[in-house]
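Good morning, colleagues. Please look at the sequence and the structure as they appear, and I will then guide you through a few selected places.

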Amino acid sequence: MDLGYLVNPAVFLVETLFGLYILAVVLRFLLQWTGADYYNPISQFLVKVTHPPLRLLRRFIPALGRVDTAALVLMLALQMLASYLVFLLQGTVAVSVAALAVWSVHDLLDLVFNIFFFCIIARALLSWFGRMPYNPAASLLTGLTEPLLRRCRRLLPPAGGLDLSPLVPLIGIQLARMLILPPLQQLAAFLN
């Protein structure tokens with residue numbers, strides 16, 4: 001029996017396991033950066049899951065102001081390792097480190113765009129249901145999106161009781177995705 005049929009399940013496992021952990025590190029970084037509630041149960045889960053490697057990295061990599069550079073290095077290293085494993089499983093052995101780094105930055109930016117895009121949509125949908133009792137997920141959505149939406153409300157104030165301000169960042173995210181990600185893909189292909 002040919003072992004080629006094991007490639008897709010192996011790639012799926014690598015992408016899923018690395019992707020979930022990278023998502024946890026990215027969310028921790030974004031929640032810390034936006035000043036979301038540290039004592040929220042979801043925040044506490046993210047801190048506990050991501051603390052062991054970050055504790056080690058912080059010994060060597062200091063933070064720059066509010067930017068947790070250790071988390072950025074961890075994200076990039078994990079994404080590069082995941083991408084390399086996927087390329088290796090698919091039979092692409094010769095991948096330059098520069099191409100891998102650019103491809104990983106591309107994937108991380110895409111993840112950040114997706115996080116903000118879906119958080120803003122979820123927050124807009126939750127606003128239709130009025131004030132709910134305390135919900136940890138809704139509290140984190142507010143903490144993550146409010147700094148961005150607050151600026152957008154100045155540009156586009158509510159009209160007739162309808163808040164259209166989430167449209168501004170959603171359009172901005174899609175534009176950024178279209179303008180930033182394709183050149184990174186081309187650069188990664190060129191470097192390889």
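Let me begin with leucine 126, which counts as partly exposed because its relative accessibility is 29%, and partly exposed covers the range between under 20% for buried and over 50% for exposed. Please keep in mind that this is a predicted model. Leucine 126 belongs to helix H4, which spans residues 97-127. Between the C-alpha atom of leucine 126 and that of phenylalanine 12 there are 32 Å, and the two residues are 114 apart along the chain.

I turn now to helix H2, residues 41-58. At its start, a side-chain oxygen of asparagine 40 comes to within 2.8 Å of the backbone nitrogen of isoleucine 42. Further along, H2 bends by about 60 degrees at histidine 51, with proline 52 following within four residues. Which residues of H2 are buried? They are Ser43, Leu46, Val47, Thr50 and Leu54. The buried residues of H2 pack against three helices: H1 (7-34), H3 (69-89) and H5 (136-155). As a general point, residues three or four places apart in an α-helix point the same way, because there are 3.6 residues a turn.

Finally, the surface. A nonpolar patch there has about 970 Å² of accessible area together, and its members include Leu155, Leu164, Ile171 and Leu179. Which helix gives the largest share of this patch? Helix H6, residues 167-191, does so with six residues. Leucine 179 is located in H6, and with a relative accessibility of 62% leucine 179 counts as exposed, because the cut-off for exposed is over 50%.

Thank you for your attention.

Note on methods
Residues are numbered from 1 along each chain as its sequence is written. This is a predicted model: local features need pLDDT of at least 70, side-chain atom pairs count only at pLDDT 80 or more; totals for chains, interfaces and linings use all residues. Side-chain values use heavy atoms; hydrogens and water are left out. Patches are made of residues with over 30% relative accessible area and no salt bridge: like charges are joined within 9 Å, nonpolar side chains (Val, Leu, Ile, Met, Phe, Trp, Tyr) within 5 Å. Accessible areas come from the Shrake-Rupley method with a 1.4 Å probe; for residues, only the protein chains shown count as cover. A salt bridge is a side-chain nitrogen of Lys or Arg within 4 Å of a carboxyl oxygen of Asp or Glu. Helices (H or I, at least four residues) and strands (E, at least two) are DSSP runs, numbered from the N terminus. Buried means under 20% relative accessible area, exposed over 50%, partly exposed in between (1.4 Å probe, protein chains only). The bend at a residue is the angle between axes fitted to the seven residues ending there and the seven starting there. Contact means heavy atoms within 4.5 Å. A polar contact is a pair of N or O atoms within 3.5 Å; within protein, one must be able to donate a hydrogen and the other to accept it, and residues adjacent in sequence count only if both atoms are side-chain atoms.
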